Amino acid sequence: MLGEILNTYYLQIGSFILINIMLAISVYVPLSSGQLSLGSAGFMGVGAYTSALLTIHFDLPIVIGIIAGALAASILGVIVGIPSLRLSGVYLAIATLGLGEVIRVIFVNWDTLTKGSVGLTGIPQLGREILEFARGLGFEPAMIGIKNNQFVFLSIFIVLLTLVIVILWFVVRQQNSRVGRALSSINQDDKAAESMGINITYYKVISFTQGAFFAGLAGALFAHVIGYISPADFSYHRAVEVLIFTVFGGSEVIIGSVFGAFFLTLMPEVLRFVSEFRYIIYGILLIVLMAVRPQGILDANLLKKIKIKRSKGGVR
Amino acid sequence: MLLEQIINGITLGSIYAIIALGFTLVFGVLGIINMAHGEIFMVGAFVGVTTTGVLGWPLWMAFIAAIVVTSILGYLLERFTLRPLRGKKGVSHLAPLISTIGVSILLENLSHHIFGAGNKPFNTPFSEISINIGSITVYLVQIVIFVISILLMIGLTVWLSKTKAGKALRATADNLETASILGVDTKKIIILTVVVASAIGGIAGILVGMAFNSVSPQMGLSMGLKGLAIIILGGMGNVKGAMVGGLILGLSETMLVAYGDSGYRDAIAFIMIIVILLLRPQGIFGSKVSQERR
């Protein structure tokens with residue numbers, strides 16, 4: 001029964017959507033304090049390579065590899081963030097753009113460790129490891145009526161879904177806390193925020209580092225879901241793609257990032273002919289959006305209207 | 001050997017300086033980073049390849065064609081991506097940055113579709129001619145690039161300091177509102193700035209084609225990044241800073257390729273950004289006052 005419903009292709013697209021949602025959040029969090037980061041692809045690459053190399057060469061468990069990858073990315077975020085965050089957001093955008101390119105150059109050139117532009121293969125796959133683990137506990141996928149590979153994809157999907165929910169919960173909780181209010185006041189007017197006694201550099205570094213952490217986490221998961229990474233996966237285009245998820249969906253509300261990542265990951269899958277012209281469409285999308293609706297498709301006003309409509313319907 | 005490397009470095013540096021000039025002009029007047037400048041420059045290079053290679057035009061015609069095409073692109077950029085954002089309420093200062101990123105991916109992928117992904121050779125009729133002075137070999141191409149760059153820099157400096165339009169541009173850069181009160185048509189000046197910056201980018205595109213003998217859709221990004229590094233190094237919106245910064249980057253890259261690991265040459269620009277942001281965030285020639293304005 002369950003075996004007939006679960007389509008591995010849909011599960012895989014679902015996993016990509018979830019990874020992209022994580023990446024979109026990694027852009028959204030710094031942006032919510034007015035910091036535009038173009039380095040998400042670079043941080044993602046650091047997370048992916050750190051985790052992949054640790055698990056391949058030292059046989060560490062995947063969980064430790066992923067945590068190490070995310071931490072490595074956030075340490076790098078602090079190192080880059082502190083000098084550039086003292087200045088206006090434009091400097092940060094340039095510095096992170098440069099950082100992403102340099103990380104890629106290092107991956108291409110450090111042949112002995114990263115195998116250059118060929119990339120790393122044979123990265124332990126998350127789903128397989130979970131399957132092994134489950135078997136160790138005496139569980140067989142056949143017991144719930146699904147095949148092994150269905151179990152593999154399903155377990156990846158569930159792990160990613162759980163992580164995305166935890167991250168969303170964390171970000172939403174943070175937004176309603178003292179930190180979140182400090183961040184949004186910095187976004188509105190950093191001079192005024194500073195005069196209210198908010199340490200703006202501290203909070204900017206916090207939000208920027210969180211972004212780097214989420215990107216590193218997403219990168220590490222990406223490596224263990226795909227099983228193969230190369231420097232081309234973490235190019236500037238990836239960073240722009242992630243930026244578009246957030247900007248298209250709505251950069252003022254967290255649900256915007258989720259919607260943007262969901263819609264724009266699904267679109268090339270549903271409309272095959274779009275796939276070839278994807279970046280051209282992205283370019284036009286950015287130009288039109290900034291001119292017509294700079295806050296993105298979803299914003300606080302629209303969400304409020306939807307809510308009012310819904311509650312009215314409920315009364316009737 | 002060293003002297004040859006210095007000559008190579010100066011040639012490369014003068015090209016970088018010209019690319020950085022395009023960024024610095026737009027930043028000086030509009031206060032925004034034009035992320036599409038690298039791609040406009042790449043289009044200029046492809047116009048050069050098409051006119052000299054496919055159509056067989058002489059080099060000077062290629063320059064004119066590139067200037068015309070990139071000027072039109074510059075006008076379109078201003079008209080459709082920058083103007084709609086100007087003076088609109090509730091638009092964050094990051095909006096023009098994001099919309100010019102949109103232009104840059106659009107241009108890069110359009111030329112990817114039109115010209116293909118690979119490198120295209122750029123043939124100049126005098127690419128093999130060289131002059132030997134003692135033990136040093138200087139290629140004629142290098143001299144041509146250097147002379148054109150110097151003429152362009154002198155021309156721009158004179159234009160900015162002596163002509164009426166140049167003075168109006170500097171006034172607008174200094175303070176848009178005051179300039180507008182004093183009778184400067186700031187709307188026209190902004191268009192002029194973007195068009196001139198793009199045309200300079202187009203010239204730089206052909207010069208890069210001549211220097212490296214190859215053109216690809218991806219070159220806009222790496223060159224654009226170097227241009228950005230240079231304007232941070234020299235001071236944002238500072239014309240002199242762009243020239244000096246370009247030479248510094250060109251020389252240090254050439255030295256690294258000659259005496260170090262050439263694979264990391266693209267990393268120098270970024271390391272410079274981090275160092276300069278730590279030590280002297282306003283850049284070599286930047287002043288603290290212009291920082292405050294941002």
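How many residues does the contact take from chain B, and how many from chain A? The answer is 40 from chain B and 43 from chain A. Keep in mind as I talk that this is a predicted model.

Okay, let's stay with that interface for a bit. Putting chain B and chain A together buries about 3,800 Å² of area, and carbon and sulfur atoms give 80% of that. What about charges pairing up across it? The rule finds zero salt bridges between chain B and chain A. For polar contacts, the count between the two chains is one residue pair, with both residues at pLDDT 80 or more.

Now look at the side of chain B that touches chain A. Helix H3 (59-82), H4, H9 and H11 of chain B each supply at least two residues there. The most comes from H4(B), which gives 14 residues. If you sort that side of chain B by class, you get 28 nonpolar residues, nine polar and three charged.

Next up, the empty spaces. How many cavities of 30 Å³ or more turn up in a search of the whole structure? Three. The largest cavity holds about 80 Å³ of space. Both chains help to line it: Leu97(A) and Tyr236(A) are among the lining residues, and so are Phe23(B), Met35(B) and Glu39(B). H9(B) gives the largest share of that lining, with five residues. By class, the lining of this cavity has seven nonpolar residues, three polar and one charged.

Then there's the second largest pocket, with a volume of about 960 Å³. Its lining counts 39 residues, and those nearest the centre are Arg104(A), Gln218(B), Met219(B), Ser222(B) and Asp266(B). Among the elements giving two or more residues to this lining are helix H5 (89-109) of chain A and helix H9 (219-234) of chain B. The classes here are 17 nonpolar, 14 polar and eight charged.

Let's pick out one residue from that pocket, Arg104(A). Which residue does the side chain of Arg104(A) meet in a salt bridge? It's Glu101(A), at 3.2 Å from N to O. Those two sit three residues apart in helix H5 of chain A, so about one helical turn separates them. In general, side chains of opposite charge can pair when their charged atoms come close. Over all chains, the count comes to six salt bridges.

So, to wrap up: between chain B and chain A we have zero salt bridges, and carbon and sulfur give 80% of the buried area. Arg104(A) is one of the residues nearest the centre of the second largest pocket, and its side chain has a salt bridge with Glu101(A). That's me done, thanks for listening!

Notes: Residues numbered from 1 in each chain as written. Chains lettered and ligands numbered in written order. Predicted model: local features only at pLDDT ≥ 70, side-chain atom pairs only at ≥ 80, totals over all residues. Heavy atoms only, no water. 1 Å grid on protein atoms, 1.4 Å probe; cavity = no way out; pocket = protein on both sides within 12 Å on 5 of 7 lines; lining within 4 Å. Points joined across faces, edges and corners; volume = space filled by probe spheres on them. Helix = DSSP H or I, 4+ residues; strand = E, 2+ residues; numbered from the N terminus. Nonpolar A, V, L, I, M, F, W, Y, C, P; charged D, E, K, R; others polar. Contact = heavy atoms within 4.5 Å. Buried area = accessible area lost by both parts, 1.4 Å probe. Salt bridge = Lys/Arg side-chain N within 4 Å of Asp/Glu carboxyl O. Polar contact = N/O pair within 3.5 Å; in protein donor to acceptor, adjacent residues only side chain to side chain.
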